[in-house]
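Good morning, and thank you for coming. Please look at the sequence and the structure as I show them, and keep them in view while I speak about salt bridges.

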Amino acid sequence: MKKAGNALGKLRKSVRGLGNKRVIGKGRQWLHKLSDNKLFRTIRVRLIASFMVPVAFIIILGIVSFLKASEGITTSYEKSTSQALGMAGDYLQFGFDSIKATGNQYSNDASIKKFFVGFYDSDIIEKSSMLTDINNGFTAKKMTDKFIGDIYVLSDRYAPVSTLSTTNPDSYTGFLDSELGKYLKDNKMKVMWIGSDAYLDENLSVGSDKYAMRMVRMVPGTNAILIIDVKIDAVKEVLKNLEFDKTGILSMVTPDGKEIMPDIAEKGKKVTEAPSDADKEPAEPVFTDEEFYKEAVESDKAKDSSLVEYKKKPYMFMYSKIGDTGAMICGLVPRDTIVGQADSIKDITIIVVLISIVVAVGTAVLISTGIDKAIKTIIGKLRIAAKGDLTVDFSMKRNDEFKILIEEIQHTFSNMKNLIQQVKQLSGEVSVSSENVTGASKQFLKSTEEISVAMNEIESGVMQQAKDAEECLNQMDNLSQKIVLVSDNTKEISQIAESTKQSVLQGTITTDDLNKQMVETARIAAEIIDEIQNLEKKSASITKIINVINEIANQTNLLSLNASIEAARAGEAGKGFAVVASEIRILADQSKESVNNIKAIIEGIQKDTQSAVDTARQAESVMQLQESAVKNTTLSYKNINESVENLVVYLRQISENVENIEEARVSTLGAIESISAVLEEIAASSNTVNQTASEQLSSVEVLNKSADSLNNHAGVLVEAVEEFKV
């Protein structure tokens with residue numbers, strides 16, 4: 001199947017491969033090998049081969065045209081047929097949806113449900129009337145809907161209700177025992193589409209060839225089964241109206257594998273291999289056992305097409321699924337039938353190629369024969385001329401490019417005759433001139449050798465001078481480095497002196513500031529001493545106040561004692577006054593105790609104040625000494641600054657002198673470098689002159705040899721010219 005499906009693709013790839021680089025490379029290798037063959041070296045074979053190149057392109061054009069036409073026809077046929085199958089599938093889906101809607105209508109009809117649950121069993125007349133109405137409704141639906149065939153209702157209470165008269169009364173019980181019946185019993189709301197069922201066909205007395213499919217479902221709320229047949233004639237008519245190719249196979253395949261085809265009288269018997277009876281289906285299924293059909297069933301696509309293999313031949317397989325029924329329309333068309341329209345292009349291409357080959361070969365033979373004859377004539381006359389006979393005549397009766405070629409050859413030989421005659425006349429003179437050249441070259445060789453010896457001596461002297469100049473240059477370079485080192489050291493000392501000068505200046509400023517701060521510190525220390533002395537005087541005043549307070553406390557204590565004595569005398573009336581006197585005494589004692597504490601603190605403060613005064617006086621003496629030291633330090637910094645300034649002046653003078661020495665060193669070094677460069681140029685020039693002299697000596701030797709050879713060849717030339725006949 002896959003080989004047949006890829007057959008057309010392989011053929012396309014083989015033609016497209018003509019433009020592949022590998023194919024082109026192999027073609028070139030083949031042409032090179034063919035060009036090395038002696039047979040291919042002839043103009044006739046090459047001309048015929050050249051004429052065959054456009055013929056080859058014509059062949060390729062024909063193949064490509066055939067493939068393009070085949071591809072276009074296949075695509076167009078595939079598209080149109082797929083659309084037709086899709087439309088047929090949509091139409092059948094519309095019919096099956098109509099049947100499904102009818103089944104839903106009957107399953108939900110209240111009267112039908114009441115009848116099959118026994119609602120009318122108590123009234124025989126109403127039951128009979130309802131049965132008649134149900135039958136009439138089924139019959140009317142069968143007559144009005146072109147897709148609906150016979151309608152059946154099987155139940156456990158009554159005989160089957162059907163548009164047919166012959167049915168088995170026990171059909172319901174037996175059907176429930178079948179696999180399909182068990183499935184419906186477990187899935188009462190499920191709608192089943194089947195192609196055939198052996199039990200139902202037997203008990204309903206209807207063969208599977210009388211209907212296309214059956215819709216089977218339970219009637220909700222009852223123990224009844226509704227069955228609606230799909231008219232097989234309606235399906236066949238839809239398939240027949242597709243006007244499918246007579247060499248192909250068209251069928252509607254049900255979910256359980258039943259295949260329905262149009263009347264076989266309309267089909268080609270050879271392809272389907274069907275019996276002669278037009279009312280029967282083929283004995284063997286076409287699609288259900290094939291792998292491509294199974295892949296189509298499992299596919300998610302509603303419709304598609306592909307190249308497949310059927311009975312070892314390539315076919316185009318197309319399908320269109322019919323809604324959710326599980327059925328689909330399938331078609332097979334031989335690939336040869338689809339691409340048959342492109343065979344005319346193939347036949348025309350073959351005829352054109354054959355005619356092109358005959359015309360190309362004939363034209364090539366005719367042209368190559370004339371060319372071959374002309375070339376052979378020219379070759380024969382050239383062989384005579386090659387032997388020395390320049391009197392040969394190249395005339396030929398042709399009016400093409402060969403006539404121009406022969407005229408040019410004749411003109412060339414005429415010029416050669418004139419040239420050889422002139423060579424004969426000049427060969428003697430050349431011989432005499434060659435002898436003169438030989439003598440002159442020998443004399444020139446001797447002079448050149450003497451020049452070469454002199455140049456060698458000059459070169460030796462110049463090289464020695466160049467070495468001496470180079471040695472002087474090295475010594476000056478060492479001196480220059482030492483001068484540069486002294487200059488650098490002087491500059492560094494100058495920089496250090498400048499830095500020291502700045503540091504001394506900064507130290508002077510700092511000591512001045514320190515001196516000012518010391519004076520200010522001494523002033524502040526004096527003020528502190530004055531303040532401490534004032535504090536000592538105030539502490540003495542506080543002592544006097546404390547003594548007064550102490551006396552007051554003693555008087556108060558004495559007063560309290562007297563009050564206590566008077567209160568004791570007063571008896572009961574003086575008890576309150578005695579309490580007050582007691583409290584006053586206590587307060588006087590506390591005041592005295594506090595005054596004593598304050599006195600002790602004041603005495604401690606006075607001692608600390610006296611100690612602070614002594615310390616401040618000592619600090620004042622130290623500060624006076626520091627002020628004197630700072631003044632001496634400032635004076636020292638000023639002396640150092642003057643010395644550093646003198647050092648900077650001297651260093652500047654030294655630096656200027658070193659710079660003058662450096663300038664002199666640079667000038668001297670430049671002069672020596674110029675002398676060295678001149679000596680090197682002289683040495684190079686003398687070397688060049690020496691080499692030139694050597695080359696000239698070699699050239700003179702070659703010239704001498706060439707003169708000898710020229711003398712010999714002149715004699716040979718005279719002898720060779722004598723052989724030509726002009």
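I begin with a definition: a salt bridge is a side-chain nitrogen of Lys or Arg within 4 Å of a carboxyl oxygen of Asp or Glu. What we have here is a predicted model, in which local features need pLDDT of at least 70 and side-chain atom pairs count only at pLDDT 80 or more, while totals for chains, interfaces and linings use all residues. Residues are numbered from 1 along each chain as its sequence is written, and side-chain values use heavy atoms, with hydrogens and water left out.

Let us start with the whole protein. Its secondary structure comes to 16 helices and 10 strands; these are DSSP runs numbered from the N terminus, with helices being H or I of at least four residues and strands being E of at least two. Of the 726 residues in the protein, 32% are buried. By buried I mean under 20% relative accessible area, by exposed over 50%, and by partly exposed the range in between, with a 1.4 Å probe and protein chains only.

A contact means heavy atoms within 4.5 Å. Among the contacts in the protein with a separation of 6 or more, 67% are between residues 24 or more positions apart.

I now turn to the salt bridges. How many does the structure hold? There are eight salt bridges, and I shall describe three pairs, including one between Asp229 and Arg214.

In that pair, the closest N and O atoms are 2.6 Å apart. Asp229 belongs to strand β5 (residues 224–231) and Arg214 to strand β4 (residues 211–218), so this salt bridge ties together parts that are 15 residues apart in sequence. Are the two partners buried or exposed? Asp229 is buried, at 2% relative accessible area, and Arg214 is buried as well, at 0%.

Salt bridges with shared partners also join Asp121, Lys127 and Arg157 into one network. Within this network, Asp121 pairs with Lys127, and their closest N and O atoms lie 3.6 Å apart. Asp121 has a relative accessibility of 30% and therefore counts as partly exposed. Lys127, at 25%, is partly exposed too.

The last pair is Lys142 with Asp150, whose side chains meet in a salt bridge at 2.5 Å, N to O. Here Lys142 is partly exposed, with a relative accessible area of 24%, whereas Asp150 is buried, at 12%.
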